[in-house]
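User: Please take a close look at the surroundings of the ligand in this model. I would like one connected account that starts there and works outward.

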Amino acid sequence: MGWNCFSCVIDQEKQEISQVYKSKDYPWEIYPLKELLHATNNFHNDNKIGEGGFGSVYWGRTTKGTEIAVKRLKTMSAKAEMEFAVEVEILGRVRHKNLLGLRGFYAGGDERLIVYDYMPNHSLITHLHGQLASDCLLDWRRRMSIIIGSAEGLAYLHHEANPHIIHRDIKASNVLLDKEFQAKVADFGFAKLIPEGVSHLTTRVKGTLGYLAPEYAMWGKVSESCDVYSFGVLLLEIISAKKPLEKLPGGVKRDIVQWVTPYVQKGAFDHIADPRLKGKFDQNQLKSTVMIALRCTDSNAENRPSMFEVVDWLKGGVGRRKKETSEVENIVDEEDEDNDTDYEEYRYKIEKSNMRRTRV
Ligand SMILES: Nc1ncnc2c1ncn2[C@@H]1O[C@H](COP(=O)(O)OP(=O)(O)O)[C@@H](O)[C@H]1O
Ligand SMILES: [Mg+2]
């Protein structure tokens with residue numbers, strides 16, 4: 001689905017005809033507004049299941065009885081319209097067991113809606129830090145399967161999707177869980193398609209503090225390795241249930257890598273595990289997963305593994321697939337020039353912390 005095709009689809013959609021389109025053999029639907037209003041009880045507050053930068057997400061049930069999640073754009077602006085288009089464009093062209101499935105969308109007037117498969121076990125963040133954290137539904141086995149699943153979803157985006165895709169906002173709230181607690185990577189509003197032969201892009205910085213790779217936060221240099229860095233932070237977060245960035249007394253912020261490093265140096269791996277696991281975890285798996293996370297969060301992007309390697313290591317494999325290095329050129333991405341997030345303070349902190357940090 002290219003850009004031209006996308007806008008022509010919107011025009012057709014204004015006629016409110018529900019149609020099923022084929023994108024790379026995967027069907028997605030253009031929903032009539034009426035159907036989505038009915039499914040979500042007119043976007044009733046009681047149906048709200050999530051809130052993000054882009055808008056609110058509502059639970060709904062179609063007339064056929066299927067549960068859906070509908071993301072509703074908050075305010076119409078060029079920036080929001082772009083995020084909507086990017087998400088539909090990218091999710092419409094990928095299908096993987098560990099990526100959230102796109103069912104379709106609606107675009108008409110001031111309304112932009114994206115329809116997904118509903119994920120009954122919410123996002124990882126609710127289990128790690130939110131309302132469901134105390135229930136400890138995430139035992140060690142589930143945590144490992146979520147880690148491996150999200151690594152596979154990301155490896156697919158980086159190495160198998162064509163063109164390759166960089167997610168740019170890997171974090172706990174963007175990993176959803178289906179009824180079997182299988183991980184589904186979601187939220188493609190910031191994603192970038194990487195043209196063949198391009199090693200990295202230079203863009204304005206988007207994403208979330210605590211998960212940003214230093215070269216991205218400082219210079220806007222974005223490549224697959226930025227997702228690898230964020231994935232490393234997510235790994236540590238899943239294992240420890242610590243937040244990626246913690247405010248210490250006195251206002252100083254400490255990132256999760258700084259927190260974990262002294263424990264690794266002392267070999268005190270048990271201290272890293274989430275206390276809610278009550279010691280029920282596999283010691284070897286814990287140790288190797290922490291070591292993989294540290295490789296992923298190496299401050300030098302060149303030293304980080306590829307997601308293919310990460311999947312291999314997590315599965316305990318010995319095969320080492322080489323990082324694809326068809327380095328050619330850096331592209332300056334002008335589409336992103338409207339971003340106004342202020343990362344200066346964070347850049348300064350990263351520079352300081354990189355000087356202090358001892359790598360293992
Ligand atoms: N398919 C879904 N099923 C269940 N909950 C969802 C679904 N999609 C999103 N959510 C919830 O809504 C939140 C925001 O969705 P997200 O796609 O990340 O939007 P944003 O771009 O606004 O961050 C998620 O963190 C999650 O809690
Ligand atoms: Mg999100």
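Analyst: What follows starts at the ligand and then moves out into the rest of the chain.

The model is predicted. Its chain holds 11 helices and 16 strands. Of its 360 residues, 40% count as buried. Take the contacts between residues at least 6 apart in sequence: 64% of them join residues at least 24 apart.

Now the ligand. Ligand 1 is surrounded by 22 residues. The closest are Gly50, Gly52, Phe54, Ala69 and Asp187. Four elements give two or more residues to this shell: strand 3 (48–51), strand 4 (55–61), strand 5 and strand 7 (111–117). By class, the shell has 10 nonpolar, 9 polar and 3 charged residues. Both domain 1 (3–117) and domain 2 (124–359) contribute, with at least three residues from each.

Strand 5 deserves a closer look. It spans residues 67–73 and contains Lys71. An unreviewed UniProt entry places the feature "binding site" at Lys71. Lys71 has 23 other C-beta atoms within 10 Å; the cut-off for buried is 20 or more, so Lys71 is buried. Leaving aside neighbours within four places in sequence, Lys71 is in contact with Phe54, Gly55, Val57, Leu113 and Ile114. Phe54 in that list is also among the residues closest to ligand 1.

Asp187 is another of the closest residues to ligand 1. It sits in the loop between strand 10 (183–185) and strand 11 (192–194). Its backbone stands out. Most residues other than glycine have a negative phi. Asp187 is not a glycine, yet its phi is positive, near 65°. Asp187 counts as buried because it has 26 C-beta neighbours inside 10 Å.

Lys278 makes a useful contrast. Its phi is also positive, about 50°, and it is not a glycine either. Lys278 lies in the loop between helix 8 (256–266) and helix 9 (283–296). Lys278 has 9 other C-beta atoms within 10 Å, so it is exposed. Asp187, in its own loop, is buried.

Next, strand 13. This strand covers residues 221–222 and includes Val222. Val222 is buried, with 28 other C-beta atoms within 10 Å. Val222 and His200 are 22 residues apart in sequence, but their C-alpha atoms are 5.5 Å apart in space. Beyond four places in sequence, the contacts of Val222 are Ile166, Arg168, Lys192, His200, Leu201, Thr203 and Tyr216.

Move on to the nonpolar interior. The largest nonpolar core has 85 residues. Phe105, Val115 and Leu235 have the most contacts inside it. Helix 7 supplies the largest share of this core, 10 residues. Domain 1 and domain 2 both give residues to the core, so it lies between them. The shell around ligand 1 likewise draws on domain 1 and domain 2.

Leu235 can be followed further. Helix 7 runs over 224–240. Leaving aside neighbours within four places in sequence, Leu235 is in contact with Ile147, Thr289, Ile292, Ala293 and Cys296.

Helix 10 comes next, at residues 307–314. Of its 8 residues, 6 are buried, so helix 10 is largely enclosed by the rest of the structure. The buried ones are Met307, Phe308, Glu309, Val310, Val311 and Trp313. Their cover includes helix 5, helix 7 and helix 9. Gly316 follows helix 10 and has a positive phi, near 75°.

Helix 5 (140–160) leads to one more backbone feature. The loop between helix 5 and strand 8 (164–166) holds Pro163. Most peptide bonds are trans. The bond joining Asn162 and Pro163 is cis, with omega about -5°.

A distant stretch of sequence meets this region. Val94 and Asn162 are 68 residues apart in sequence, yet 9.0 Å apart in space, C-alpha to C-alpha. Val94 is in the loop between helix 3 (78–91) and strand 6 (102–108). With 23 C-beta neighbours inside 10 Å, Val94 counts as buried. Its contacts beyond four places in sequence are Leu99, Leu157 and Ala161.

Terms used
Residues numbered from 1 in each chain as written. Chains lettered and ligands numbered in written order. Predicted model: local features only at pLDDT ≥ 70, side-chain atom pairs only at ≥ 80, totals over all residues. Buried ≥ 20, exposed ≤ 12 C-beta atoms within 10 Å, placed from the backbone. Contact = placed C-beta atoms within 7 Å. UniProt positions renumbered as here; feature names shortened; annotations may be inferred. Core = buried A, V, L, I, M, F, W, Y, C linked by C-beta atoms within 7 Å. Domains from an automatic or database assignment. Near = placed C-beta within 6 Å. Nonpolar A, V, L, I, M, F, W, Y, C, P; charged D, E, K, R; others polar.
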